[in-house]
Amino acid sequence: MLKVLRRNKTIAGVLAVFAGTIGLHCFYMGRYKKGLLYLLFFWTGIPTVLGILDGARLFTQVAEEDGFGSEEDINEEEFDDDIEEDTEEDEVEEKINSLRKKNSRRKKTCQK
């Protein structure tokens, strides 16, 4: 089952302004690839500027009741694909278990 974590925009904004250089706000929001890019290029100064801009954007956006916005973090198509993959994996697992049971029954009848 897919769990979606909500993040506080105020905390993310503060992290972006004060630790945006190393991408700490990206890691906090669950955007690990973007955070890694910030971390890799911190020495150029570009992530510092981007962090300040991200912080300003986070502070000016209207906060939702539950925390960090869901429209930006959750792509519905990806979410649906994940659910479909989970159900397909469950179906495959059930088939494998049923085949194992049949195979064990055949072995038992052959041994008798």
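Me: In which helix does R106 lie?
Reply: This is a predicted model, in which local features need pLDDT of at least 70 and side-chain atom pairs count only at pLDDT 80 or more, while totals for chains, interfaces and linings use all residues. Residues are numbered from 1 along each chain as its sequence is written, and side-chain values use heavy atoms, with hydrogens and water left out. Helices are DSSP runs of H or I with at least four residues, strands are E runs of at least two, and both are numbered from the N terminus. On that basis, the run of residues 76-111 holds R106 and is helix α6.

Me: Is R106 buried or exposed?
Reply: Buried means under 20% relative accessible area, exposed means over 50%, and partly exposed lies in between, with a 1.4 Å probe and protein chains only. The relative accessible area of R106 is 57%, so this residue is exposed.

Me: Which residue of helix α3 meets D54 in a salt bridge?
Reply: A salt bridge places a side-chain nitrogen of Lys or Arg within 4 Å of a carboxyl oxygen of Asp or Glu. D54, buried at 10% relative accessibility, has such a bridge at 3.8 Å, N to O, with K34. The pair links distant parts of the chain, 20 residues apart, from D54 in helix α4 (residues 46-60) to helix α3 (residues 32-40), which holds K34.

Me: Which residues are joined into one network by salt bridges that share partners?
Reply: The side chain of D54 also meets that of R57, at 3.9 Å, N to O. These two residues are separated by about one helical turn because they are three residues apart in helix α4. The shared partners join into one network K34, D54 and R57.
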